[in-house]
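Biologist: Could you take a close look at how the helices pack against one another in one chain of this model, and then set that part in its wider surroundings? A connected account would help me more than a list.

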Amino acid sequence: MITRVGNWIGKHLMLTLGILVLLYMYIPNFIVALMSFNDSSESRNLYQFQSFTWDNWLNPCAPQGMCESLRVSISIGLLATLVATIIGTLAAFALVRHRFEGRSTMNLVLFLPMATPEIVMGSSLLALFVAAGFGGQLGFWTVLIAHIMFCISFVVVTVRSRLAGLDSNLEKAASDLYANEWQTFWRITFPLVFPGILSAALLAFSLSFDDFIITNLNSGTTVTFPMFVWGAAQRGVPMQVNVIGTLMFLLALGIVIGGEVLSRRRAKGKAVTL
Amino acid sequence: MEALQRVFGKNAAYLLIGPAAIWLAVFFLFPMLSLLTTSLSDPATGSPINGYTLTWRVDNYVEALGEYWPYMMRSLLYAGIATLGCLVLGYVLAYAIAFKAGRWKTVMLVLVIAPFFTSFLVRTLSWKLILADNGFIVNTLQTLHILGEDGRLLATPFAVIMGLTYNFLPFMILPLYTSLEKIDPKLNEAAADLYASPWQRFTKVIWPLSLPGVVGGTLLTFIPATGDYINASLLGSPNTQMVGNKIQQLFTTAGDYPHASALSVILMVLIVAMVLFYVRRAGTEELL
């Protein structure tokens, strides 16, 4: 048995090393899941496993302000995703389907936010808000504006790559079969691009939900979930934070796996009917 | 799309691109200008609530650089080492997925992205536990005499660099995978037929063809790592603070916007200069 495992590792050295790297990436998730069952009632300042309990999972909203911050993060995340996905998808269509003056400038402007450190983007937005006289009104709306800003580029990149890989013969075939432009768009183009739009939206939401550096500079007294965790880290982290972390991981995994299964089933179904 | 084209003529493209262009102009490009003017304002006469007036005070830059250059150097050093670490770890995994995973390719790709849906801060905090003074890793290293009796990992540069490496690893893996995946395995076989050793096959075939991914991945890792201050705050000590820590403190606790802005501008200029130099050297200018 041991020699067989040894042989397999020898034959698949790169794969073994790759799996080791993958395992390394999962260490924190394992710790987060473990700590979500930690009873920290004895000492909140000690960040280590003390004893097992279901309490954190049964009362996830026990820490004051945590679920409120979660609601703020979800609202900002959903609104930012909606606006950035619409604006970004339109821009992706313009860049792939149209030749217009200023196209290369636009490509550069879309690339820049992805190549700028968050601290620079956050501080320049803060400088703008203060210069425009909104220094005293930082909060929900300024954070939302910032999140839409840095999500747009990622949406454009994701949708653009899907759109560029589209077989234009499908659209030509539709118009050969007397579909008008709107029919072609809604029956052929849009459904084909939709998976790209969906993954762009998922990416935008997770970027917005997870953002700390830009949010911290522009949020005033509004507290998002990452800001709650940051504040708690200075005092002693409530273990419920780990419940939220584990839930998010499971939810995201479910969405991704669900999407994969669905697209595979659809591909199979098509193969049968053809 | 053609319907739009017919109604609005040539302007259809501008209607589609308009919202994104306006949003980025107003909330990305214009703020950069604000940052620049704030960095040249007199800190004594303005305030975060009332705003600042431009007085072309270049001294802000001299003072910011004079006082905080060690933080800047530390940021570049830590981010540089973390980027190298990411390159080694990321290359191994991306290579394994692209060439060795077979039908598990998609599953492994999903597994690369999945852990990062747990909040960045929550995951970084968990490293605090893993590297803790009485934790398993420190105890083992002490037993093996790799670490001294009262040696520690937490609050050292090692912890900060490790945190950066861990947090930005997917930004390295995905571009690397994209360019490795495009390589035709037949090229590798052809090199083997021509008696190239595995090492020669890697250095003469695989590595050169994966360069666009290497350049893209190192940029996507190095840039955010340089500006990061979360790892330095949670896993480091006052002696391991990076430039992001200082910028953040100057804005939020000290309320000294002009010096904070000057430091921000310096960071941006440094990064742009390094990126341009690096991309030229690597010969992949079409990437930009």
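Modeller: A crossing of two helices is called right-handed if the near helix is turned clockwise from the far one by less than a right angle, and left-handed if it is turned anticlockwise. With that in hand, and bearing in mind that this is a predicted model, we can begin with helix α5 (residues 120-130) of chain B and helix α7 (residues 157-181) of chain B, whose axes lie 11 Å apart and pack at an angle of about 140°. The crossing of α5(B) with α7(B) is right-handed. On the side of α5(B), the residues that take part are B:Phe120, B:Thr124 and B:Trp127, and they meet B:Gly163, B:Tyr166 and B:Asn167 in α7(B). Sorted by class, this contact has three nonpolar and three polar residues, with no charged ones.

A second pair in chain B can be read in the same manner. Helix α8 (residues 185-193) of chain B and helix α9 (residues 198-209) of chain B have axes that come within 10 Å and cross at roughly 145°, and this crossing, too, is right-handed. Here B:Leu187, B:Asn188, B:Ala191 and B:Ala192 of α8(B) meet B:Arg201, B:Lys204, B:Val205 and B:Ile206 of α9(B). The residues of this contact divide into five nonpolar, one polar and two charged, whereas the contact of α5(B) with α7(B) has no charged residues.

These pairs belong to a chain built from 13 helices and zero strands, and its C-alpha trace spans about 75 × 75 × 35 Å along the principal axes. Of the 288 residues in chain B, 43% are buried. Among the contacts in chain B with a separation of 6 or more, 68% are between residues 24 or more positions apart.

Chain B also has a partner, since 74 residues of chain A are in contact with 73 residues of chain B. On the chain A side, helix α2 (residues 13-35) gives the most, with 13 residues, and that side as a whole has 53 nonpolar, 16 polar and five charged residues.

The largest nonpolar core has 137 residues, of which A:Ala84, A:Ala91, A:Ile152, B:Ala94 and B:Leu263 touch the most other members. Helix α3 (residues 59-100) of chain B supplies the largest share of this core, 16 residues, while domain 1 (1-56 + 239-274) and domain 2 (64-237) of chain A each contribute at least three. The C-alpha centres of those two domains of chain A lie 27 Å apart. One of the residues just named, A:Ile152, shows contacts with both chains: leaving aside neighbours within four places in sequence, A:Ile152 is in contact with A:Ala84, A:Ile87 and A:Gly88, and also with B:Ala20, B:Trp23 and B:Leu24.

A last residue brings us back to a helix, this time in chain A, where A:Gly196 has its place in helix α9 (residues 181-210). A:Gly196 counts as buried because 21 other C-beta atoms lie within 10 Å, the cut-off being 20 or more. Apart from residues up to four places away in sequence, A:Gly196 touches A:Thr158, A:Val159, A:Arg162 and A:Leu163. A:Ser161 is 35 residues from A:Gly196 in sequence, with 8.1 Å between the C-alpha atoms of the two.

Methods
Residues numbered from 1 in each chain as written. Chains lettered and ligands numbered in written order. Predicted model: local features only at pLDDT ≥ 70, side-chain atom pairs only at ≥ 80, totals over all residues. Axes fitted to C-alpha atoms, helices over the stretch in contact; angles between N-to-C directions. Helix = DSSP H or I, 4+ residues; strand = E, 2+ residues; numbered from the N terminus. Contact = placed C-beta atoms within 7 Å. Nonpolar A, V, L, I, M, F, W, Y, C, P; charged D, E, K, R; others polar. Core = buried A, V, L, I, M, F, W, Y, C linked by C-beta atoms within 7 Å. Buried ≥ 20, exposed ≤ 12 C-beta atoms within 10 Å, placed from the backbone. Domains from an automatic or database assignment.
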